[in-house]
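Welcome, and take a moment to look over the model before reading on. The notes that follow walk through a few of its features.

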Amino acid sequence: MKRKIFKILLYTLLGIILLITGSLIYIKLALPNVGPAPDIKVEGTVAQLERGEYLSNHVMVCMQCHSKRDFTLFAAPSIPGTSGMGGEIHDQRLGLPGKYVSTNLTPYELSDWTDGEIFRAITTGVNKEGKALFPIMPHHNFGKLDENDIKAVIAYLRKLQPIEFDTEPSYSDFPMNFIVNFIPQKASLKSAPPKTNKIEYGKYLVTAGSCYDCHTIQKEGKVIGPDFGGGFEFTLEDGSVVRSANLTPHPTGIGNWSAQQFVQRFKMYADSNYRPVKVNPGDFQTVMPWNTYAGMTEDDLLAIYEYLSTIALADNYVNRFTSSK
């Protein structure tokens with residue numbers, strides 16, 4: 001009897017092992033499943049290049065993450081001459097489940113990618129080889145944008161100055177190395193609202209800028225704080241912690257700000273007289289790319305303000321900075 005029970009347990013265990021192994025193999029080989037890259041060819045018109053440059057540098061801030069940043073200066077501006085080369089690291093120090101390195105977006109790296117493969121990567125999070133990209137690049141937001149805007153970004157990337165720089169590979173720790181395959185989703189692209197509809201167009205810009213992702217507390221991919229309520233923590237290299245601001249129209253957020261004050265908060269970094277302040281270890285620093293968002297037009301910033309003024313209030317005072325000193 002004991003031998004029979006032992007055999008049953010053994011076969012059951014082997015069955016479970018085979019089931020798990022089969023499932024993991026399926027996850028690795030069959031996922032993600034967002035379909036093939038679209039067969040498209042971006043023309044690269046003057047209008048596309050202008051729009052792509054604007055979006056890449058000032059709204060979607062692709063160039064900010066895919067360049068080298070100088071964290072010895074306030075807001076860590078991109079180092080001149082590194083635009084698109086990649087190499088910025090987001091890793092376990094920031095509470096992430098792996099090490100994620102921004103890739104080289106210049107023609108040095110993308111010359112053998114089709115326009116459709118770049119389009120799929122931006123909008124679904126699946127690379128040329130069909131592998132899932134961790135959403136440190138907010139493809140979940142970019143997949144909600146206008147197809148024409150994505151094509152404009154591709155046109156701009158094609159015209160970047162090639163920079164010969166090979167980035168180190170990204171990787172996810174266990175179990176994220178399996179979970180990440182479930183994250184990519186088919187894009188749900190939609191036409192951009194007319195600029196005359198300030199609230200809806202502002203919402204579109206907020207999606208493109210991924211404001212929600214940084215200004216809402218999340219843990220292990222789950223939202224645990226009020227929408228746009230701020231408080232998301234970023235640990236800096238010196239051990240200091242900076243927290244995102246409350247963007248809701250509550251007095252603890254931007255409720256006491258006028259539209260002009262909101263716009264000026266950005267545009268001050270675009271002033272010709274502005275020079276980034278040197279930041280010593282332990283001094284107030286931010287990961288907010290003020291210098292790149294500052295390039296948005298006043299009309300677009302006003303649209304963002306109009307949209308933020310309509311979202312639910314969050315009574316959430318944020319202690320913006322804790323020094324390592």
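Strands 6, 7 and 8 form an open sheet of 3 strands in the order 6-7-8, paired antiparallel. At its edges are strand 6 (233-235) and strand 8 (321-322), each of which pairs on one side only. This is a predicted model, in which local features need pLDDT of at least 70, side-chain atom pairs count only at pLDDT 80 or more, and totals for chains, interfaces and linings use all residues. Residues are numbered from 1 along each chain as its sequence is written, and side-chain values use heavy atoms, leaving out hydrogens and water.

Helices (H or I, at least four residues) and strands (E, at least two) are DSSP runs numbered from the N terminus, and two strands pair if DSSP finds at least two bridges between them. Strand 6 and strand 7 (residues 241-243) are joined in the antiparallel sense over 3 bridges. One bridge links Thr235 to Val241 in strand 7.

Another open sheet of 3 strands has the order 1-2-3, also with antiparallel pairing. Strand 1 (89-90) and strand 3 (171-172) are at the edges with a single partner strand each, so one side of each has no neighbour in the sheet. Between strand 1 and strand 2 (residues 98-101) there are 2 bridges, in the antiparallel sense. Opposite His90 you will find Tyr100 in strand 2.

Now for the helices. Two packed helices are described by the angle between their axes and the distance between the axes. Here the axes are lines fitted to C-alpha atoms over the stretch in contact, with angles running from 0 to 180 degrees between N-to-C directions.

| Helix pair | Axis distance | Angle |
|---|---|---|
| Helix 2 (residues 46-59) and helix 7 (residues 147-158) | within 7 Å | roughly 90 degrees |
| Helix 9 and helix 13 (residues 298-308) | 7 Å | about 100 degrees |

Helix 9 is therefore roughly perpendicular to helix 13, and helix 2 is likewise roughly perpendicular to helix 7. On this scale, angles under 35 degrees count as roughly parallel, over 145 as roughly antiparallel, 65 to 115 as roughly perpendicular and the rest as oblique.

Contact means heavy atoms within 4.5 Å. On the helix 9 side, residues including Ile199, Tyr201 and Leu205 meet residues of helix 13, among them Ala303, Ile304 and Tyr307. For classes, Ala, Val, Leu, Ile, Met, Phe, Trp, Tyr, Cys and Pro count as nonpolar, Asp, Glu, Lys and Arg as charged, and the others, Gly among them, as polar. The contact of helix 9 with helix 13 has 7 nonpolar, 1 polar and 5 charged residues.

Helix 9 also appears at a pocket: an open set of points on a 1 Å grid over the protein atoms alone, where a 1.4 Å probe fits, with protein on both sides within 12 Å along at least five of seven lines. The second largest pocket has a volume of about 320 Å³, a volume being the space filled by probe spheres set on the points, which are joined across faces, edges and corners. Its lining (residues with an atom within 4 Å of a point) comprises 17 residues, with Lys144, Lys203, Tyr204, Val206 and Thr207 nearest the centre. Helix 9 gives the largest share of this lining, 5 residues. By class, the lining of this pocket has 8 nonpolar, 4 polar and 5 charged residues.

Two backbone details round off the tour. Most residues other than glycine have a negative phi, and most peptide bonds are trans. Val61, not a glycine, has a positive phi of about 45 degrees and sits in the loop between helix 2 and helix 3 (62-65). The peptide bond from Phe174 to Pro175 is cis, with omega near 5 degrees, and Pro175 lies in the loop between strand 3 and helix 8 (176-179).
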